[in-house]
Amino acid sequence: MRKLKILITLSIIVFAFMGCNSCHQKTVVREKKIKIGIITPLTGDVATWGAMQKRATDLALEEINDSNITVIYEDDKADPSTGVSAMNKLINIDKVNMIVGSPASNVTLAIAPILNEKKVPLLSSGSTATKVGDAGPYIFRIMPSDEIQSLITVDWAIALGKKRVSVVYVQNAWGEGLKEAFLRDFPKKGGQIQEVYGVAPNSIDFKTILQKIKENTTDAIYAPLYPKEAGILVKQIKELGIESQVFGADVYDTPEFITAGGSASNGILYTTFGQYTGTEFEDFSRKYKERYGIEVENYAVYCYDAFKIAVEAINKSTHLDGENIRKSILQIKDYKGATGISNFDGNNNASGKTFDKKTIKEGKSVIIE
Amino acid sequence: MQLLLNEILSFFSFLLIGFSFSLIYHSTRFFHIAHAIIITSGAYFVFFFTNKFSIPFPVSVTLSILATAIIGVACEILVYRQMRKRNVPALAYLIASIGLYVVLQNCISLFFGDDTKIINTAEVTVGHQVFDAYITTIQIITIVVSIALFVAVNLFLHYTATGKSIRAVASNPELCNIYGISSNKIILIAFGIGSALAATAGILSAMDTNMTPTFGFNLLLYGVVAMIIGGVGSTRGLVAGALLIASAQHLAAYYIDTKWMDAVTYIILILFLIWKPLGFSGKRLKKVEV
């Protein structure tokens with residue numbers, strides 16, 4: 001009986017070791033699996049941007065064709081609190097190695113402190129707000145900051161002789177960043193700021209502000225607003241017989257703005273992420289059209305590159321922990337992608353890129369120069 | 001002058017929505033939050049009919065108003081009436097109504113997508129000049145239609161048998177049942193008319209300022225505030241309430257800042273709730289209403 005007991009005990013110990021052994025093997029296998037989380041507005045006010053991000057990322061994933069890479073999409077509705085829960089799910093439950101996403105700067109700024117603390121790198125595919133540049137060591141972005149975007153608009157307005165400008169901006173990190181940069185730089189170049197109005201997202205009635213703008217002689221209106229509000233604004237500008245030139249910003253570069261603004265969107269001038277026209281871009285744009293039957297959107301190109309850079313950084317990283325992946329991103333030199341060459345500068349912005357000037361002619365967006 | 005015109009436009013929009021909401025609130029005594037989606041769906045039906053079936057615009061507007069009225073009535077028959085049968089507490093209606101709003105709003109998002117849609121494809125042109133202000137054709141239509149509907153429905157409520165029954169049910173449903181007026185049937189009619197009015201308001205608003213699946217909610221909120229300020233159940237109070245917030249909003253935007261438009265609205269609401277909780281009309285609320 002005693003012998004039997006010893007035998008049982010021994011066999012349990014042996015099995016336990018075997019079990020442990022096999023579970024250890026499993027974790028080794030699991031470590032090779034790479035998980036990338038995508039945070040993007042799949043629903044909500046700027047859902048069109050989320051749709052672009054998903055199309056571009058799916059295409060990039062198909063191209064890379066590596067069964068060890070898993071992509072997990074989470075919706076942020078371009079809303080900071082939704083973004084924070086999406087991120088918590090990604091880092092605590094899915095345990096992603098890295099996050100690519102959100103075009104909404106307010107979401108990126110909301111999740112940045114937690115990501116820095118948990119040491120999970122984030123490569124933003126579209127948050128241009130100035131503050132994102134100082135959001136911490138683990139926050140990267142693949143485009144230049146809004147400081148540059150605003151400066152281009154300042155110079156552009158001065159060059160067109162629009163010396164008296166009123167500003168109507170959306171009250172979030174992106175809108176406020178652009179407004180502040182504009183208010184700081186425009187007077188330096190000899191311009192004069194007339195009226196400044198912040199509007200809440202989802203506003204539909206701009207008639208009273210426009211009336212005030214009309215009473216103060218205004219050559220131009222700088223309006224960093226989301227496409228939905230911007231569309232209504234340009235309509236009401238036209239309806240009220242105001243002839244000031246409207247300057248917009250990067251989010252105007254969506255079909256939604258043209259739909260919302262109707263024929264009033266013609267002649268609007270705006271800046272948006274620079275478009276690169278090398279072979280990498282041509283290649284991607286052809287594949288995109290074959291796969292989805294639509295012309296590639298400007299933002300989709302940035303999502304595609306952001307995802308591919310993320311994969312490359314993880315693959316080149318010695319270990320799959322945040323610190324090493326971060327180092328690996330910083331070591332990327334002259335990554336040639338569909339948006340041109342990417343390097344990361346001191347503020348983790350992709351350097352060397354800029355913004356294009358665009359306008360809308362007969363319902364189509366056209367690059368100027 | 002432009003300021004005055006802007007105020008008038010907001011006033012009519014608040015009035016029509018507040019009126020359609022109070023019609024339902026009146027006879028059922030609970031906040032029908034899903035009314036917001038009734039406003040939205042009116043506009044989306046027009047979009048659906050004109051774009052999918054290329055039905056001419058006036059016909060599809062009529063069809064949409066009918067379809068939306070049917071949805072409103074369906075809410076009542078399928079949800080609220082069942083709840084009344086089970087005699088659930090008043091709070092349950094509010095929660096059911098919020099649930100209904102979320103479900104229906106997501107249905108619209110699923111079918112049509114979340115991006116802006118337009119039902120008014122006409123070229124954007126400079127409005128008609130009235131003195132030194134500008135007004136577009138759609139805005140003129142909004143004013144005319146609002147006045148016409150407001151007057152017509154009020155006449156209906158005061159001078160027809162059905163209208164009188166609606167008011168009777170509003171004041172005492174149990175007594176009406178004793179007198180042989182079916183309160184269920186009357187509530188159904190109130191839902192039908194209220195929803196049709198809301199659909200009209202939604203379509204007019206969407207023609208002026210585009211639409212997204214959530215646009216009805218903000219519109220409804222102002223309508224409800226106008227109703228509370230005006231005093232529940234008083235038509236004249238509603239007119240005064242709508243006028244007060246429309247003016248307050250635009251004056252705040254003009255003289256202070258646009259950031260204050262919403263704040264001013266709710267400050268007025270709070271002031272009224274503290275000092276004049278019964279609104280302009282000052283009618284005392286019955287226990288069942290609270």
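**Notebook: interfaces of chain A and two single residues**

Across the interface of chain A and chain B, I looked up the polar contacts and found 10 residue pairs, both residues at pLDDT 80 or more. I note at the outset that the model is predicted.

**Entry 1. Chain A against chain B**

I next asked which elements of chain A supply the side that touches chain B. Those giving two or more residues are H2, strand S7 (192–199), helix H7 (207–215), helix H8 (227–239) and helix H9 (255–261) of chain A. H7(A) gives the most to this side, with 7 residues. By residue class, I recorded the side of chain A that touches chain B as 10 nonpolar, 13 polar and 10 charged.

I then looked up the salt bridges between chain A and chain B, and the count is 0. The contact itself draws 33 residues from chain A and 30 residues from chain B.

For the extent of the interface I turned to area. The size of an interface is often given as the accessible area lost when the parts come together. Chain A and chain B bury about 2800 Å² between them, and carbon and sulfur atoms give 53% of that area. On the side of chain A, I found that A:Lys207, A:Thr208 and A:Glu239 lose the most area to chain B, together 22% of what that side buries.

**Entry 2. The two domains of chain A**

I looked up the division of chain A and found domain 1 (33–144 + 277–354) and domain 2 (147–274 + 357–367). The C-alpha centres of domain 1 of chain A and domain 2 of chain A are 28 Å apart. Contact between them involves 18 residues of domain 1 of chain A and 19 residues of domain 2 of chain A.

The area buried between domain 1 of chain A and domain 2 of chain A is about 1600 Å², with 60% of it on carbon and sulfur atoms. Which residues of domain 1 of chain A lose the most area to domain 2 of chain A? I noted A:Asp45, A:Trp49 and A:Asn298, which together account for 31% of what that side buries.

At this interface of domain 1 of chain A and domain 2 of chain A, I found 0 salt bridges. The polar contacts there come to 6 residue pairs, both residues at pLDDT 80 or more. On the side of domain 1 of chain A that touches domain 2 of chain A, two or more residues come from each of helix H2 (47–64), helix H4 (105–118) and helix H11 (298–316) of chain A. The residues of that side divide into 9 nonpolar, 8 polar and 1 charged.

**Entry 3. A:Ser342**

I located A:Ser342 in strand S12 (residues 340–342) of chain A. Is this residue, A:Ser342, buried or exposed? I class A:Ser342 as buried because its relative accessible area is 0%, below the cut-off of 20%.

The side chains of A:Ser342 and A:Lys353 are joined by a polar contact of 2.8 Å. Setting aside neighbours within four places in sequence, I listed the contacts of A:Ser342 as A:Ile142, A:Ile309, A:Ile332, A:Lys333, A:Asp334, A:Tyr335 and A:Lys353.

**Entry 4. B:Leu78**

In chain B, I looked up B:Leu78 and placed it in helix H3 (residues 57–86) of chain B. I class B:Leu78 as exposed because its relative accessible area is 62%, over the cut-off of 50%. I also recorded its separation from B:Ser97: B:Leu78 and B:Ser97 are 19 residues apart in sequence and, C-alpha to C-alpha, 12 Å apart in space.

Terms used:
Residues numbered from 1 in each chain as written. Chains lettered and ligands numbered in written order. Predicted model: local features only at pLDDT ≥ 70, side-chain atom pairs only at ≥ 80, totals over all residues. Heavy atoms only, no water. Domains from an automatic or database assignment. Contact = heavy atoms within 4.5 Å. Buried area = accessible area lost by both parts, 1.4 Å probe. Salt bridge = Lys/Arg side-chain N within 4 Å of Asp/Glu carboxyl O. Polar contact = N/O pair within 3.5 Å; in protein donor to acceptor, adjacent residues only side chain to side chain. Helix = DSSP H or I, 4+ residues; strand = E, 2+ residues; numbered from the N terminus. Nonpolar A, V, L, I, M, F, W, Y, C, P; charged D, E, K, R; others polar. Buried < 20%, exposed > 50% of the residue type's maximum accessible area, 1.4 Å probe, protein only.
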